[in-house]
Amino acid sequence: IALDSGPRGREPDQGSSRSYSGNTHAFPGVRLRSLRTTLSSSQRHLGFAMQPCVRLGMLTPSSNTTLEPVCVQMLAELPEVSVHFARFRVVEISLADEALGQFDIAVQLSAAELLADARCDVICWNGTSASWLGLQRDRLLCEAITRRTGIPACSSVLALVEAFKTKAITRYGLVSPYVPEIQARIVENFNSQGYACVAERHADIRTNYEFASLDDDTIRAMV
């Protein structure tokens, strides 16, 4: 994740009031989950714990069962970094109105505010919705998160586009679990940014939870 320079999370005001604007109790059912990287055996043997100095906040689709363990594995060798998750409801990926409404910015902001409570150093929308809704959606979301919380924000889709630019990539192959109409939107959106899809495969799955059912052999065959 490329972190742009920007304001760090604000210290909360003294007292019971929050310094952030907006309704911070709009979605009380959302719970912040914190997963610390595991200390090495030598650290445990010596009886001390290194306090994480960088906190990464991840906005997570509620039915995604892969994102959290993968993030923790990626950071396993970085005990100075911790990763924290706040979920919001996502159960179906399609172009139906109800499915599109899952990515309302107000809903995502409510989850982001819970990550702000943990004083994360950055908040990332770790999902791919902007690939079919348009990159501008993630740009607006990141701006809104920073405006609301004072914390720099990024997204996985914007990071992917940044990687394409850095590596001068203009052609790519696309493998996804999505239905045909979502896949077509992704190809169209990236084409508008100058990135040509030269080959694609998709698993034609609508239910977000079922994406994790694709095994390694199936994904290798699609690739």
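Let's start at a helix: arginine 220 and aspartate 217 bring their side chains together in a salt bridge, with 3.0 Å from N to O. Keep in mind that you're looking at a predicted model. Both of these residues sit in helix α9, three residues apart, which is about one turn of the helix. Both are exposed, too.

That's one salt bridge, and the count for the structure comes to five. Now look for glutamate 92 and arginine 206, whose side chains meet in another one at 2.8 Å, N to O. Glutamate 92 is in the loop between β3 (81-88) and α3 (97-101), while arginine 206 is in the loop between β7 (196-202) and α9 (216-222), so this pair ties together parts that are 114 residues apart in sequence. Glutamate 92 is partly exposed, at 27% relative accessible area, and arginine 206 is partly exposed as well, at 38%.

Arginine 206 has another partner: its side chain also meets that of glutamate 181 in a salt bridge, at 3.9 Å from N to O. Glutamate 181 belongs to helix α8, so here the parts tied together are 25 residues apart in sequence. Put these together and you get a network of salt bridges linking Glu92, Glu181 and Arg206.

Next, the empty space. The largest pocket holds about 1200 Å³. It has 43 lining residues, and Asn64, Asn126, Gly127, Thr128 and Ser156 are the ones nearest its centre. Several elements each supply at least two lining residues, among them β2 (54-61), α2 (67-74) and α8 (180-192). Helix α7 gives the largest share, five residues. So what classes of residue make up the lining? There are 30 nonpolar and 13 polar residues, and no charged ones.

Methods
Residues numbered from 1 in each chain as written. Predicted model: local features only at pLDDT ≥ 70, side-chain atom pairs only at ≥ 80, totals over all residues. Heavy atoms only, no water. 1 Å grid on protein atoms, 1.4 Å probe; cavity = no way out; pocket = protein on both sides within 12 Å on 5 of 7 lines; lining within 4 Å. Points joined across faces, edges and corners; volume = space filled by probe spheres on them. Helix = DSSP H or I, 4+ residues; strand = E, 2+ residues; numbered from the N terminus. Nonpolar A, V, L, I, M, F, W, Y, C, P; charged D, E, K, R; others polar. Salt bridge = Lys/Arg side-chain N within 4 Å of Asp/Glu carboxyl O. Buried < 20%, exposed > 50% of the residue type's maximum accessible area, 1.4 Å probe, protein only.
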